[in-house]
Amino acid sequence: MAQKLIQPINNARLTASYKWRDAYKRQFKATHYGQDMTGGPIVYAQGNGTVAFAGWDNVCGWVVGIVYKDCYSWYYKTVSDITGRYYHMADVRVKPGQRVTKDTRIGTVGNTGKYTTGAHLHVELDTDTKYPNYTPTLAGNSNILKKGTRGAKDTTVDPMRWTHTKASAPDNQTIVAGYGSDWVDPRDAKLPKI
Ligand SMILES: [Zn+2]
């Protein structure tokens, strides 16, 4: 039975979409392989999974990586195992090997690490679950996260195409677009609710 991943924070405001337009690239001189959100401040796992890594990364601050099995994409109508990576948190509340659900608190939205200009959560989803700590976001290896991908191609995916917003109780999730269309795809805030 496939699972439907939900948003990692409630009361979410999108501040930068996945690979979206030019504003992010102009400011940070890099492609955005994830999606930025403010809100929470509690960060939850996005579904049933296992913690692959958790701790202090020299570049991305307090980070957690989770492998989720059999995730359904409402966009592609396919099922895939997905790695979720969460950066810049104020703290980390889980340990490697720990089983998590959507109700497990994995951390708190924060402003830790380099290349962050305010409290937000960077969410990166990747179909590579064999090497969950490899991220195209990094230009060099850090202590937890490693640069690039193990294969030839970029295996990250658009988080909005692989997640749902759980508007029903007890999560009551909401998601809105912030910062204007240079930063956020306005369609992202209107995606499927469950
Ligand atoms: Zn980001």
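Visitor: Buried means under 20% relative accessible area, exposed over 50%, and partly exposed in between (1.4 Å probe, protein chains only). Where do His-32 and Asp-36 fall, buried or exposed?

Guide: His-32 and Asp-36 are both buried. Please note that this is a predicted model, in which local features need pLDDT of at least 70 and side-chain atom pairs count only at pLDDT 80 or more, whereas totals for chains, interfaces and linings use all residues. Residues are numbered from 1 along each chain as its sequence is written, and side-chain values use heavy atoms, with hydrogens and water left out.

Visitor: Which residues coordinate the zinc ion?

Guide: The zinc ion is held by NE2 of His-32, OD of Asp-36 and ND1 of His-122, at 2.0 to 2.2 Å. Donors are N, O and S atoms within 2.8 Å of the metal (3.2 Å for Na, K and Ca); water is not among the atoms, so the site may look incomplete.

Visitor: What spacing do the donors follow along the chain?

Guide: The zinc donors follow H-x3-D-x85-H.

Visitor: Changing topic: which residues lie nearest the centre of the largest pocket?

Guide: Tyr-24, Phe-28, His-88, Lys-114 and Tyr-115 lie nearest its centre, out of 29 lining residues. A pocket is an open set of points on a 1 Å grid over the protein atoms alone, where a 1.4 Å probe fits, with protein on both sides within 12 Å along at least five of seven lines; lining residues have an atom within 4 Å of a point.

Visitor: Which elements give two or more residues to that lining?

Guide: They are strand S1 (12-16), helix H1 (23-28), strand S2 (35-38) and strand S6 (78-89). H1 supplies the largest share of the lining, three residues. These elements are DSSP runs numbered from the N terminus: helices are H or I, at least four residues, and strands are E, at least two.

Visitor: How many residues of each class line the largest pocket, and how many line the second largest?

Guide: The largest pocket has 15 nonpolar, twelve polar and two charged lining residues. The lining of the second largest pocket has six nonpolar, one polar and six charged residues. Ala, Val, Leu, Ile, Met, Phe, Trp, Tyr, Cys and Pro count as nonpolar, Asp, Glu, Lys and Arg as charged, and the others, Gly among them, as polar.

Visitor: Which residues lie nearest the centre of that second one?

Guide: Asp-158, Arg-161, Asp-185, Arg-187 and Asp-188 do, among 13 lining residues.

Visitor: What about Thr-156: why does it count as buried?

Guide: Thr-156 counts as buried because its relative accessible area is 7%. Thr-156 belongs to strand S13, residues 156-157.

Visitor: Which side chains make polar contacts with the Thr-156 side chain?

Guide: The side chain of Tyr-18 does so at 2.8 Å, and that of Asp-154 at 2.7 Å. A polar contact is a pair of N or O atoms within 3.5 Å; within protein, one must be able to donate a hydrogen and the other to accept it, and residues adjacent in sequence count only if both atoms are side-chain atoms.

Visitor: And Arg-85, buried or exposed?

Guide: Arg-85 is buried, at a relative accessible area of 0%, and sits in strand S6. Its side chain reaches two backbone oxygens: that of Pro-132 at 2.9 Å and that of Tyr-134 at 3.1 Å. Arg-85 also lies 8.9 Å from Val-67, C-alpha to C-alpha, although 18 residues separate them in sequence.

Visitor: Last one: where is Thr-112 found?

Guide: Thr-112 is in the loop between strand S9 (105-108) and strand S10 (121-126). Its relative accessibility is 16%, so Thr-112 counts as buried. The Thr-112 side chain reaches the backbone oxygen of Met-89 at 2.6 Å.
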